[in-house]
Amino acid sequence: MSTNTFHPAEDTLRRMPAVGAPKSWPTVRPQVQLTTTVAKELVHRAALAEVLLTGQERYDDDRFGVTAQWPRCHSFYAPVAGNHDPLLAAETIRQIGFLLPHTQYGVPLGHHFLLRTFSFSVDPEHLRVGHAPADLDIDVAFSDVRTRRDAHLGARYDTVIRRAGETVATGGISYTCITPPAYRRLRGDRGHLQIPLTAPVPPQSVGRMSPTDVVLSPIGTDDRWQLRVDTRHPVLFDHPVDHVPGMLLIEAARQATTAVLGHSSGVIPVQVESEHYRYVELDAPCFIRAERLPADARGERVEVTGEQDGQEMFRTTITAVPAPL
């Protein structure tokens, strides 16, 4: 048995037409602003529950406003010590990089995006989980917009995410757009095979509760792991892809940072700077290495690299603080 504890405002109830009201009664529309998410296809998500963006508007040629909402709890990006997971900010910024190119720059659905750089920074003071989902207003500015014969080839965009007027996070991404034929030429036969799923490290050692959410496998050293790629994961692999998604690599860097710093309560990434050089493939092991760097004013710093087939695939530097107990 459950009870509905949501109580609409009294004036809203007065405006709602009664069920079965006579047809002669005038129709009165509730003066309530209705909110929905953007189409899931526009942010390259299959599950509606994974769509964070709720609207957009254009200010001028390359400046936009986007709205978003963070749930109070998420199945994967769960709260950390009463704070929204900073990687929700990362996922929000990532989704913007699909929505606006598709709707504002004319990139057709079905085109592919190659992530080049990805950075974001959060203010933990404004990440507290409240009594309702967090509604966000986001300023987005595009630069280095590249075109050829009116086709959008790529750009960089920077974002400022605000909650109730306070800056929660900032961040940006640079990317390249790839047409389906060019993508097929680029990928060739890669992506059709996958190496067997490897065992996870203990979840608590990387700030996780469930082994299904662990993306690192032990290989006998304290600062090096094999990337654990579970294509059945409902969030990291929301839909089938032929390479390792960028958000999985960011999560691997976060988990490696947690393991190296060794804080029993976990860590809160306050700044992430990542460079991606090529797609991480599913058919070969990728090895993750973490190295502590000198701390700065914001916190402890760790550099995480990924190597596959003898090549460096990505490099991520995370600044983190211990999560409150």
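Which residues do ring pairs link into a cluster? I found that Phe64, Phe98, Tyr105, Phe113, Phe142, Tyr157 and Tyr175 are the residues linked in this way. I took rings of Phe, Tyr and Trp (its six-membered ring) as paired if their centres lie within 6.5 Å, with planes under 30 degrees apart counted as stacked, over 60 as edge-to-face and the rest as tilted.

I note that this is a predicted model, in which local features need pLDDT of at least 70, side-chain atom pairs count only at pLDDT 80 or more, and totals for chains, interfaces and linings use all residues. Residues are numbered from 1 along each chain as its sequence is written, and side-chain values use heavy atoms, with hydrogens and water left out.

**Aromatic pairs**

I searched the whole structure and obtained 10 aromatic pairs. I looked up phenylalanine 76 and tyrosine 77: their ring centres are 4.9 Å apart and their planes stand at 75 degrees, so I entered the pair as edge-to-face. Both phenylalanine 76 and tyrosine 77 are buried (buried means under 20% relative accessible area, exposed over 50%, partly exposed in between, with a 1.4 Å probe and protein chains only). I then looked up phenylalanine 118 and phenylalanine 120, a tilted pair with 6.0 Å from centre to centre and 50 degrees between the planes. Phenylalanine 118 and phenylalanine 120 are buried as well.

**Charges over rings**

I counted a charge as sitting over a ring if NZ of Lys or CZ of Arg is within 6 Å of the ring centre and within 35 degrees of the ring normal. The charged end of arginine 208 sits over the ring of phenylalanine 76, at 3.9 Å from its centre. Arginine 58 has its charged end over the ring of tyrosine 105, at 5.6 Å from the centre.

**Helix 4**

I took helices (H or I, at least four residues) and strands (E, at least two) as DSSP runs, numbered from the N terminus. Helix 4 covers residues 246–261, and 14 of its 16 residues are buried, so the rest of the structure largely encloses this helix. Glycine 262, just after helix 4, takes a positive phi of about 70 degrees.

**Aspartate 238**

I located aspartate 238 in the loop between strand 8 (224–227) and helix 4. Aspartate 238 has a relative accessible area of 12%, so I entered this residue as buried. Leaving out residues up to four places away in sequence, aspartate 238 touches His44, Arg45, Ala46, Ala47, Glu50 and His233 (contact means heavy atoms within 4.5 Å).

Methods
Expected span 1.5 Å × (residues − 1).
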